[in-house]
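Student: I should like to work through this structure with you, one point at a time. Please give the reasoning before each result.

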Amino acid sequence: MATVIQRIKEFSRSPQGRRTMEQVRRTASDPRRRAQARRLLDRLRTRR
């Protein structure tokens, strides 16, 4: 399990990881995307 965490840390420090994190931050700050994600999570929760 420690190797998975280590690999995630290494990726987050790489240039590609930094670009990905910035893209995720921009997407997460978009109100339409947040609402879309909230609807998806609500649907997944109610299926149980």
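Student: In which helix does Arg18 lie?

Tutor: This is a predicted model, in which local features need pLDDT of at least 70, side-chain atom pairs count only at pLDDT 80 or more, and totals for chains, interfaces and linings use all residues. Residues are numbered from 1 along each chain as its sequence is written, and side-chain values use heavy atoms, with hydrogens and water left out. Helices (H or I, at least four residues) and strands (E, at least two) are DSSP runs numbered from the N terminus. On that numbering, Arg18 lies in helix 2.

Student: Is Arg18 buried or exposed?

Tutor: Buried means under 20% relative accessible area, exposed over 50%, and partly exposed in between, with a 1.4 Å probe and protein chains only. Arg18 has a relative accessible area of 54%, and therefore the residue is exposed.

Student: With which residues is Arg18 in contact, leaving aside its neighbours within four places in sequence?

Tutor: Contact means heavy atoms within 4.5 Å. Once the neighbours within four places in sequence are set aside, the contacts of Arg18 are Ser12 and Arg13.

Student: How many salt bridges does the structure hold?

Tutor: Side chains of opposite charge can pair when their charged atoms come close. A salt bridge is defined as a side-chain nitrogen of Lys or Arg within 4 Å of a carboxyl oxygen of Asp or Glu. By this criterion, the number of salt bridges in the structure is two.

Student: Which residue meets Arg26 in a salt bridge?

Tutor: The partner lies with Arg26 in helix 2 (residues 15–29), four residues apart, about one turn of the helix. Arg26 counts as exposed because its relative accessibility is 51%. The N to O distance in the salt bridge is 3.9 Å, and the partner of Arg26 is Glu22.

Student: Is Glu22 exposed or partly exposed?

Tutor: The relative accessible area of Glu22 is 37%, so the residue is classed as partly exposed.

Student: What separates the C-alpha atoms of Glu22 and Ile8?

Tutor: Glu22 is a residue of helix 2. Along the chain, Glu22 and Ile8 are 14 residues apart, and the separation of their C-alpha atoms is 16 Å.

Student: With which residue does Asp42 form a salt bridge?

Tutor: Asp42 is partly exposed, because its relative accessible area is 38%. The partner is three residues apart from Asp42 in helix 3, so about one helical turn separates them. The partner is exposed, with a relative accessible area of 58%. The closest N and O atoms are 3.7 Å apart, and the residue is Arg45.

Student: Which residues form a nonpolar patch on the surface?

Tutor: Patches are made of residues with over 30% relative accessible area and no salt bridge; like charges are joined within 9 Å, and nonpolar side chains (Val, Leu, Ile, Met, Phe, Trp, Tyr) within 5 Å. One member lies in helix 3 (residues 31–46), namely Leu40, which counts as partly exposed because its relative accessibility is 42%. The patch has about 260 Å² of accessible area (Shrake-Rupley method, 1.4 Å probe, only the protein chains shown counting as cover for residues). Its residues are Leu40, Leu41 and Leu44.

Student: What share of the residues in the protein chain is buried?

Tutor: The protein chain has three helices and zero strands, and its C-alpha trace spans about 35 × 25 × 10 Å along the principal axes. The chain exposes about 5000 Å², of which carbon and sulfur atoms supply 54%. Among the 48 residues, the buried share is 2%.
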